[in-house]
Amino acid sequence: MPNDSPSAALSSIPRLDKFSGSVAILVSSCDAFFDAWKPFVRLFEKFWSECPLPIFLLTNRLTISSARLQTIQVGEDHGWSNNLLAALPRLSQSHVLYFQEDYFLTAPVTLAQLARDFSFAIESDSDSLCFRARPKPDPDFKRLNERFGVVPLDSDGRTRCQVTLWKRSALQAILRPNESAWDFEACGSARTGAMQILSYERRENTPVPYLMSAISRGLWTGEALALCRENEIAIEPFFRPEFSPRPWQQRMRRAIGRRRLARALRAQMPNPIEL
């Protein structure tokens, strides 16, 4: 007879530690954004302290000291896609949960829901599952359950640089050298015709709530600075100015930020960053 007891039902729910050997968190970054690493880690520790998955931070030449993160150093920065193409073969896991260094967690991760989603995506051999819905679902979006569904083949939103569970081989197959993240989002969807691409349908029920993005056009957003203040997190070193909606101020502040970044990198290079 089938066992329908509550304990049997609970035992059938997958746990995240089941995926510790098959899923790695990859935080895409480069040394020019090292000021975001500490707040990223502090908020990650606050809202996902029990994460059982290995976490890898993509860097160029800077080093870190961390009990939680490992680095994948790729040397000279050759751009977003080239850095990823260099990093992905160095992972042994079959899947990666893609983050960026300025995707700051804003609330606790829903562990049981995330484990169920991992289990569905991997067991169904899906190529990706994006945990951030688009503002509006595509007209032919095919619901698979109350949370997510299949992104239609003709959608331009099949490759999105949001928090996404990717089959590592699928991501490697559709990356192209010398692309920015914006190029990938604009052109990558056309390369996924043979892939099953999944996405959440709505934003309010994601298991991974995060701020997207803490840095806009090279400048700190007001939301990110407020989030750090609220959680008593200091941004050190603080060389990056705050975002302004005025284009002329953006240009001026980015120029200031670039000069300060060069000095900050020179000062930091000999020393590991405590994370």
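Trainee: Which helices and strands each supply at least two residues of the lining of the largest pocket?
Mentor: Three elements do so: helix H3 (80–87), helix H6 (181–187) and strand S13 (215–216). Of these, H6 gives the most, with three residues. The names follow DSSP runs, numbered from the N terminus: helices are H or I runs of at least four residues, and strands are E runs of at least two. This is a predicted model, where local features need pLDDT of at least 70 and side-chain atom pairs count only at pLDDT 80 or more, while totals for chains, interfaces and linings use all residues. Residues are numbered from 1 along each chain as its sequence is written, and side-chain values use heavy atoms, leaving out hydrogens and water.

Trainee: What is the volume of the largest pocket, and which residues are closest to its centre?
Mentor: The volume is about 680 Å³. Of the 24 lining residues, Phe33, Gln100, Asp102, Ala181 and Trp182 are the closest to the centre. A pocket here is an open set of points on a 1 Å grid over the protein atoms alone, where a 1.4 Å probe fits, with protein on both sides within 12 Å along at least five of seven lines; lining residues have an atom within 4 Å of a point. The volume is the space filled by probe spheres set on the points, which are joined across faces, edges and corners.

Trainee: What makes Arg143 and Glu201 a salt bridge?
Mentor: Their side chains meet at 2.7 Å, N to O. A salt bridge needs a side-chain nitrogen of Lys or Arg within 4 Å of a carboxyl oxygen of Asp or Glu, so this pair qualifies. Arg143 lies in strand S8 (residues 142–143) and Glu201 in the loop between strand S11 (197–200) and strand S12 (210–211), so the pair ties together parts that are 58 residues apart in sequence.

Trainee: Why is Glu201 called buried?
Mentor: Its relative accessible area is 11%. Buried means under 20%, exposed over 50% and partly exposed in between (1.4 Å probe, protein chains only), so Glu201 counts as buried. Its partner Arg143, at 58%, is exposed.

Trainee: And Arg147 with Glu146: how do you know that they form a salt bridge, and which of them is buried?
Mentor: Their closest N and O atoms are 2.7 Å apart, so the pair meets the cut-off. Arg147 counts as buried at 11% relative accessibility, whereas Glu146 is exposed at 52%. Asp117 joins Glu146 and Arg147 in a network of salt bridges.

Trainee: How many salt bridges does the structure hold?
Mentor: It holds 13, including Arg15 with Asp17 at 3.0 Å.
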